[in-house]
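Let's take a walk through a protein together, starting with its overall layout and then looking at a few of its details. Keep the picture in view as you read.

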Amino acid sequence: MAVSLFHAMEIASTGLAAQRVRMNALASNLANARTTRTVDGGPYRRLDPVFRAVPAQTRFRDLLGDGAARSAYIVEVPEVRSDASPPQLVYDPRHPDADERGYVAFPNINIIEEMVNLITAARSYEANVTAVQSVKTMARAALRIGM
């Protein structure tokens, strides 16, 4: 029983960590939506975390030998990629970063899309917090039964 509770806690905690990385990337995208000049040169590039599902069985094969372990997955964030899409060109010849034709390269960031993604990430984070709280409640109940 305790091993299964730890397993459930591990799955939920990897979800929490992944959504935290996602929210940080989205916050950076929103904060830099109008940044036309970076230290690397050019406009800010949108960040996009890459999620990967990893079978929990590989991490818990020594602890769990049941069928539930074979169907459970944890999430990892192996990298955060920069968006390679071209920047948005806006005609503004008075802008200090305007090119010779008067166009300014702005990041290819859709504020509405980023906000929707941020809300989705926050809801996913909340769902994982609820899962962790449920596991803690079940562990307390199991300890009370054993007394």
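The paragraphs below go from the whole chain to its paired charges, its cavity and its surface.

Before anything else, keep in mind that this is a predicted model. The protein chain has 147 residues, and 24% of them count as buried. Four helices and four strands are found in it. If you start at the N terminus and follow the chain, the elements come in the order α-β-α-α-β-β-β-α. Helix H1 covers residues 2-31, and strand S1 covers residues 47-55. Strand S2 takes in residues 73-82, strand S4 takes in residues 103-106, and helix H4 spans residues 111-146.

Now for a bit of folding. Which residues are far apart along the chain and yet have a short C-alpha distance listed for them? Try Met138 and Leu5: 133 residues separate them in sequence, while their C-alpha atoms are 8.0 Å apart. Met138 belongs to helix H4, and it counts as partly exposed because its relative accessible area is 43%, which lies between the 20% limit for buried and the 50% limit for exposed.

Another such pair is Glu10 and Val132, which are 122 residues apart along the chain, with 8.9 Å between their C-alpha atoms. Glu10 sits in helix H1. With a relative accessibility of 22%, Glu10 is partly exposed. A third pair is Ala122 and Met23: they are 99 residues apart in sequence, and their C-alpha atoms are 7.3 Å apart in space. Ala122 is part of helix H4, and its relative accessible area of 23% makes it partly exposed.

Next, look at the charges. Side chains of opposite charge can pair when their charged atoms come close. How many salt bridges are there by this rule? The count is six. Let's visit some of them.

Begin with Glu114 and Arg46, whose side chains meet in a salt bridge with an N to O distance of 2.6 Å. This pair links distant parts of the chain, since Glu114 lies in helix H4 and Arg46 in the loop between helix H1 and strand S1, 68 residues apart. Are these two residues buried or exposed? Glu114 is buried, because its relative accessibility is 1%. Arg46 is buried as well, because its value is 13%, and anything under 20% counts as buried.

A second salt bridge joins the side chains of Arg52 and Glu76, at 3.4 Å from N to O. Here too, distant parts of the chain are linked: Arg52 is in strand S1 and Glu76 in strand S2, with their positions 24 residues apart. Arg52 is partly exposed, at a relative accessible area of 42%, and Glu76 is partly exposed, at 28%.

The salt bridge between Arg123 and Glu126 stays within one element. Their closest N and O atoms are 3.5 Å apart. Both residues lie in helix H4, three residues apart, which is about one turn of the helix. Glu126 is partly exposed, with a relative accessible area of 42%.

From charges we move to empty space. Rolling a probe the size of a water molecule over the atoms shows where empty space is left. This structure holds one cavity of 30 Å³ or more, and the largest cavity has a volume of about 60 Å³. Which residues line the largest cavity? Among them are Pro43, Tyr44, Arg45 and Arg46, then Asp83, Ser85, Pro86 and Pro87, and also Phe106, Pro107 and Asn108. You have already met Arg46, the partner of Glu114 in a salt bridge. Sorted by class, the lining has six nonpolar, two polar and three charged residues.

Finally, turn to the outside. What makes up the nonpolar surface patch of about 320 Å²? Leu89, Tyr91 and Tyr103 form it. Tyr103 is in strand S4. At 31% relative accessibility, Tyr103 is partly exposed, and it therefore passes the requirement of over 30% relative accessible area for a patch residue.

As you look back at the picture, try finding helix H4 once more: Glu114 lies there, Arg123 and Glu126 lie there, and so does Met138.

How values were computed
Residues numbered from 1 in each chain as written. Predicted model: local features only at pLDDT ≥ 70, side-chain atom pairs only at ≥ 80, totals over all residues. Heavy atoms only, no water. Patch = residues over 30% accessible without salt bridge, like charges linked within 9 Å, V, L, I, M, F, W, Y side chains within 5 Å. Areas by Shrake-Rupley, 256 points an atom, 1.4 Å probe, with all protein chains shown as cover. Salt bridge = Lys/Arg side-chain N within 4 Å of Asp/Glu carboxyl O. Helix = DSSP H or I, 4+ residues; strand = E, 2+ residues; numbered from the N terminus. Buried < 20%, exposed > 50% of the residue type's maximum accessible area, 1.4 Å probe, protein only. 1 Å grid on protein atoms, 1.4 Å probe; cavity = no way out; pocket = protein on both sides within 12 Å on 5 of 7 lines; lining within 4 Å. Points joined across faces, edges and corners; volume = space filled by probe spheres on them. Nonpolar A, V, L, I, M, F, W, Y, C, P; charged D, E, K, R; others polar.
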